[in-house]
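Here are my notes on this structure, written so that you can follow each point with the model open beside you. Please take the points in order, since later ones return to elements named earlier.

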Amino acid sequence: MKAVALDHTMLALADPTRRAILQRLGSGEARVTELAAPFAMSLNAVSKHIRVLERAELVQRRRAGREHILSLNPKPLDEAAAWIDEQRRFWTANLDALERALADYED
Amino acid sequence: MSAAPAIRVEHRFAASAERVFDAWLDPVWIGRFMFGPHLRDEQVVSLENDPRIGGQFHYKVTRAGAEIDHTGTYREIDRPRRLVFTWGVDEEQGDQSVVTIMIEPEGDGCVLALTHALHPNWAEYAERTQAGWTKIVGDLAAALNQAN
């Protein structure tokens, strides 16, 4: 995964409102006004959060007449999770190998 | 407990803190435990380092025919307890993440805790979150995949 894409994903997730929006979209697409309803903030503020999610390509927008319908794209999230798993496996494998090497090469 | 965006792994060693610490700065040892065909499907091209604060390392391997340079800069070298270096892969803008290794003597051996902060810039955002990043991403991915 490219570092810039990962940056956008992690930045998008670093906010409870944006995570709540993603979870809402996980149960199906929604209009911007529907998404804004549960939050005690202006439509404008919610729109800013949505733009951060769109930049990360976690949310897609389509127009239906005058409505903007938003839907979830979980792919960047899967990619971020896979990248994190890969890093963890790398270090875990190295520490296991270090233990073996320390046993093999006694001073 | 920090909410920094990081991977954390711990390992207990029977060897002394000094031996474990020194392995991280010795290219011969890097070839024993960090890179090589005995660890994963890769060939070592070269393992070079300049182990002083501000010094760099370049650990080059080939995987599937492509050369990959794992590179970074040493930030803190405090034998045997603490080692901090940046960590990146050439094609991903290098010095974007930070690895912190803390080694605590325990009995005849030691316990090593490695933290890989995925991106220093994420820390300021992560402060607003209560949970670790691995958990956030993992939970969300699982929840969303279930929903789909």
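1. In this predicted model, helix H2 (residues 16-26) of chain A packs against helix H4 (residues 43-55) of chain A at an angle of about 75°, and the two axes are 10 Å apart. Two packed helices are described by the angle between their axes and the distance between the axes, and angles of 65 to 115 degrees count as roughly perpendicular. H2(A) and H4(A) are therefore roughly perpendicular to each other.

2. Which residues of H2(A) meet H4(A)? From H2(A) they are A:Thr17, A:Arg18, A:Ile21 and A:Leu22, while H4(A) contributes A:Val46, A:His49, A:Ile50, A:Val52 and A:Leu53. Sorted by character, the residues of this contact comprise 6 nonpolar, 2 polar and 1 charged.

3. Within H2(A), the buried residues are A:Thr17, A:Arg18, A:Arg19, A:Ile21, A:Leu22, A:Leu25 and A:Gly26. It is useful to compare this list with the one in the previous point: A:Thr17, A:Arg18, A:Ile21 and A:Leu22 are buried, and these residues also meet H4(A). After H2(A) comes A:Gly28, which has a positive phi, near 135°.

4. The start of H2(A) deserves a separate look. A:Asp15 lies in the loop between helix H1 (3-13) and H2 of chain A, and at the start of H2(A) one of its side-chain oxygens comes to within 2.8 Å of the backbone nitrogen of A:Thr17. The side chain of A:Asp15 also reaches the backbone nitrogen of A:Arg18, at 3.1 Å. Is A:Asp15 buried or exposed? Its relative accessible area is 9%, and buried means under 20%, so A:Asp15 counts as buried.

5. Turning to chain B, you will find 4 helices and 7 strands, and from the N terminus on these elements follow the order β-α-α-β-β-β-β-β-β-α-α. Of the 148 residues in chain B, 49% are buried. Among the contacts in chain B with a separation of 6 or more, 37% come from residues 24 or more positions apart.

6. How are the strands of chain B arranged? The 7 strands form an open sheet in the order E1-E7-E6-E5-E4-E3-E2, with antiparallel pairing. The edges are strand E1 (6-13) and E2 of chain B, each of which pairs on one side only. From one strand to the next, the twist averages 20°.

7. At the E2 side of the sheet, strand E2 (residues 43-49) of chain B and strand E3 (residues 56-63) of chain B run antiparallel and are joined by 6 bridges, and B:Leu47 has B:Tyr59 in E3(B) as its bridge partner. Their hairpin has 6 residues between the strands, and in this hairpin B:Gly54 adopts a positive phi near 90°. Strand E4 (residues 66-78) of chain B likewise pairs in the antiparallel sense with strand E5 (residues 82-89) of chain B, over 6 bridges, and B:Tyr74 is matched there with B:Phe85 in E5(B).

8. E7(B) pairs with E1(B) through 8 antiparallel bridges, and with E6(B), also in the antiparallel sense, over 9 bridges. B:Val111 in E7(B) is a good residue to select, being the bridge partner of B:Arg12 and also that of B:Glu104. In the hairpin of E6(B) and E7(B), which has 2 residues between the strands, B:Gly107 takes a positive phi near 60°.

9. The sheet of chain B is also where the two chains can be viewed together. Helix H5 (residues 75-104) of chain A lies across E1, E5, E6 and strand E7 (109-117) of chain B, and runs at about 15° to E1(B). E7(B) is mostly covered, with 8 of its 9 residues buried.

10. Finally, consider B:Ser97, which is placed in strand E6 (residues 97-106) of chain B. B:Ser97 has a relative accessible area of 6% and is therefore buried. What does its side chain contact? A polar contact of 2.9 Å joins the side chain of B:Ser97 to that of B:His116, and a polar atom of the B:Ser97 side chain lies 2.6 Å from the backbone oxygen of B:Trp87.

Conventions: Residues are numbered from 1 along each chain as its sequence is written. Chains are lettered from A and ligands numbered from 1 in the order in which they are written. This is a predicted model: local features need pLDDT of at least 70, side-chain atom pairs count only at pLDDT 80 or more; totals for chains, interfaces and linings use all residues. Side-chain values use heavy atoms; hydrogens and water are left out. Axes are lines fitted to C-alpha atoms, for helices over the stretch in contact, and angles run from 0 to 180 degrees between N-to-C directions. Angles under 35 degrees count as roughly parallel, over 145 as roughly antiparallel, 65 to 115 as roughly perpendicular and the rest as oblique. Contact means heavy atoms within 4.5 Å. Ala, Val, Leu, Ile, Met, Phe, Trp, Tyr, Cys and Pro count as nonpolar, Asp, Glu, Lys and Arg as charged, and the others, Gly among them, as polar. Buried means under 20% relative accessible area, exposed over 50%, partly exposed in between (1.4 Å probe, protein chains only). A polar contact is a pair of N or O atoms within 3.5 Å; within protein, one must be able to donate a hydrogen and the other to accept it, and residues adjacent in sequence count only if both atoms are side-chain atoms. Two strands pair if DSSP finds at least two bridges between them.
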